[in-house]
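Work through the exercises below with the sequence and the structure side by side, and try each task before you read its solution.

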Amino acid sequence: MDSGKTQSKLLAARNNKIYMDLKLIIREHALPFLPAKSLYRFQGVCRDWRRMISTPFFAHNQSLSFSSTSGMFFQRHGDQPTFTSFDPECCGVPDPALNFLPVPVDIVASSNGLLCCRDQTGDRAYYICNPVTKQWKKLPQPSMEHGAEPAAVLIFNPSLLNFVAEYILICAVRSIDFDDATEFEIYSSKGDSWKVSGEINFAAKSKHLIPKSGVSVNDVVYWQSSHGSILVFDMTKDRSQVIHGCYSGGNGTLGEFNGKLCSASINGHTLTVSVISNIYSNTMQMNSRAKLWDDKIRIPLPSEVFNASIYDPFPVLYAGSENVLVVSGRKIYICDLKTKETKFLVEAPRADLMVVPYVNSLITNEVEIILRCQAQGVPGHQVDRVLELRQLKSSSAQG
């Protein structure tokens, strides 16, 4: 009898240890890889999970671990934005119209969970925000004129050792001194200030750059021109050039594919994703065989997609490592680059909407609050209470 009881206790203890090990594995190694909407739901699992997910350090870890494009913001200049999720059960934002901002805005760029928006009226100020946490920051006024629809690119790359969300906003603008030239004005959150680069590009006109077409890959920024060429600005070298666009199909849409610049276009019945192979091939000798673009993926499209898209000057709305969005009239289709399957995603309210990709991230500036409070000698329990109240407010908004 005693032997049976002992074995039962040992088995119960063993099962309990397995459960605790599994719980720890899920908490430490699975949760950070989930999108923000799912994490808000999992706060209701237990008190420990709620407390852990509510910390800014977990938000930092999640911003490093989760980087998949979760959906798209759709907007026509001057109208309210809307959001379409690739997986509505897991990814989403509480206020797609961004009404938590103090003014109506146009979304001009995004990067790893942060949106760059611009005041539709008034002083045309820029705002950086996270639509999940509803935290936002108004940027100081730039020194140059950026136009009604700026060619802006937001660069935010989460860093393992840097808990403060540091980002850069770079805008290609019309030169003040040379009418047909383009200059570059750059905002850095580290210094909370703008600076004008010493580089001037005389081969590209800012008025020909397509709004929301810019992408950043490995500290190099690219803008699509309405003439088919691409303006390139190297952030590290502070140098620019103009390269040829990809002519494998119609007008290409720029994106990032596995760490390289890509261009996605539709030619006849086929979606083609091409990757840049040698950015300096256009400066080589005339007889050089170096290619600027290599075709990586070709996907045959269903008849309902290519029949209408062939008449659209820019049928590809978005290109990434996992998905490509194709527009056919008002219908938007998503092409999976791994399975090469194409399926209907959503019907847009109108056909001339611009899209901005979005990553469902918890990225936050709350670490700045912690550091500021520590510098001022605020007791730790009071700092925790402030962060808890901020998190409760955000969680109630999610519900």
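## Exercise 1: The lining of the largest cavity

In this predicted model, β3 and β4 each contribute at least two residues to the lining of the largest cavity.

**Task.** Find out which strand gives the largest share of the lining of the largest cavity, and how the lining residues divide into nonpolar, polar and charged.

**Solution.**
Step 1. Begin with the count, which comes to one cavity of 30 Å³ or more, and note that the largest cavity has a volume of about 80 Å³.
Step 2. List the residues around the largest cavity: 13 residues line it, and those closest to its centre are Asp-106, Val-108, Ala-148, Glu-149 and Pro-150.
Step 3. Assign the lining residues to their elements, and you will find that β3 supplies the largest share, three residues.
Step 4. Sort the lining by character, which gives five nonpolar, two polar and six charged residues.

## Exercise 2: The nonpolar cores

**Task.** Determine which residues touch the most other members of the largest nonpolar core, and which residues Leu-98 touches.

**Solution.**
Step 1. The largest nonpolar core has 26 residues, and Phe-73, Leu-98, Leu-101, Leu-115, Cys-117 and Leu-362 are the ones that touch the most other members.
Step 2. Now ask where the members come from: at least two residues each are supplied by α2 (36–42), α3 (47–53), α4 (56–65), β3 (105–111), β4 (114–119), β5 (126–130) and β23 (354–358).
Step 3. Take Leu-98 and leave aside residues up to four places away in sequence; Leu-98 then touches Phe-73, Pro-81, Val-105, Ile-107, Leu-115, Cys-117 and Pro-131.
Step 4. Look also for a second, separate core, which has 19 residues, including Val-108, Leu-139, Ala-152 and Phe-156.
Step 5. As background, nonpolar side chains in soluble globular proteins tend to be buried together.

## Exercise 3: Positive phi outside glycine

**Task.** For Asp-192 and Asp-219, state in which loop each is found, and then decide whether Asp-192 and Asp-219 are buried, partly exposed or exposed.

**Solution.**
Step 1. Asp-192 lies in the loop between β9 (182–188) and β10 (193–201), and its phi is near 50 degrees, a positive value in a residue other than glycine.
Step 2. Asp-192 has a relative accessibility of 36%, and because buried means under 20% and exposed over 50%, Asp-192 counts as partly exposed.
Step 3. Asp-219 sits in the loop between β11 (215–217) and β12 (220–224), and although Asp-219 is not a glycine, it has a positive phi of about 65 degrees.
Step 4. With a relative accessible area of 39%, Asp-219 is partly exposed.

Methods:
Residues numbered from 1 in each chain as written. Predicted model: local features only at pLDDT ≥ 70, side-chain atom pairs only at ≥ 80, totals over all residues. Heavy atoms only, no water. Core = buried A, V, L, I, M, F, W, Y, C linked by side-chain atoms within 4.5 Å. Buried < 20%, exposed > 50% of the residue type's maximum accessible area, 1.4 Å probe, protein only. Helix = DSSP H or I, 4+ residues; strand = E, 2+ residues; numbered from the N terminus. Contact = heavy atoms within 4.5 Å. 1 Å grid on protein atoms, 1.4 Å probe; cavity = no way out; pocket = protein on both sides within 12 Å on 5 of 7 lines; lining within 4 Å. Points joined across faces, edges and corners; volume = space filled by probe spheres on them. Nonpolar A, V, L, I, M, F, W, Y, C, P; charged D, E, K, R; others polar.
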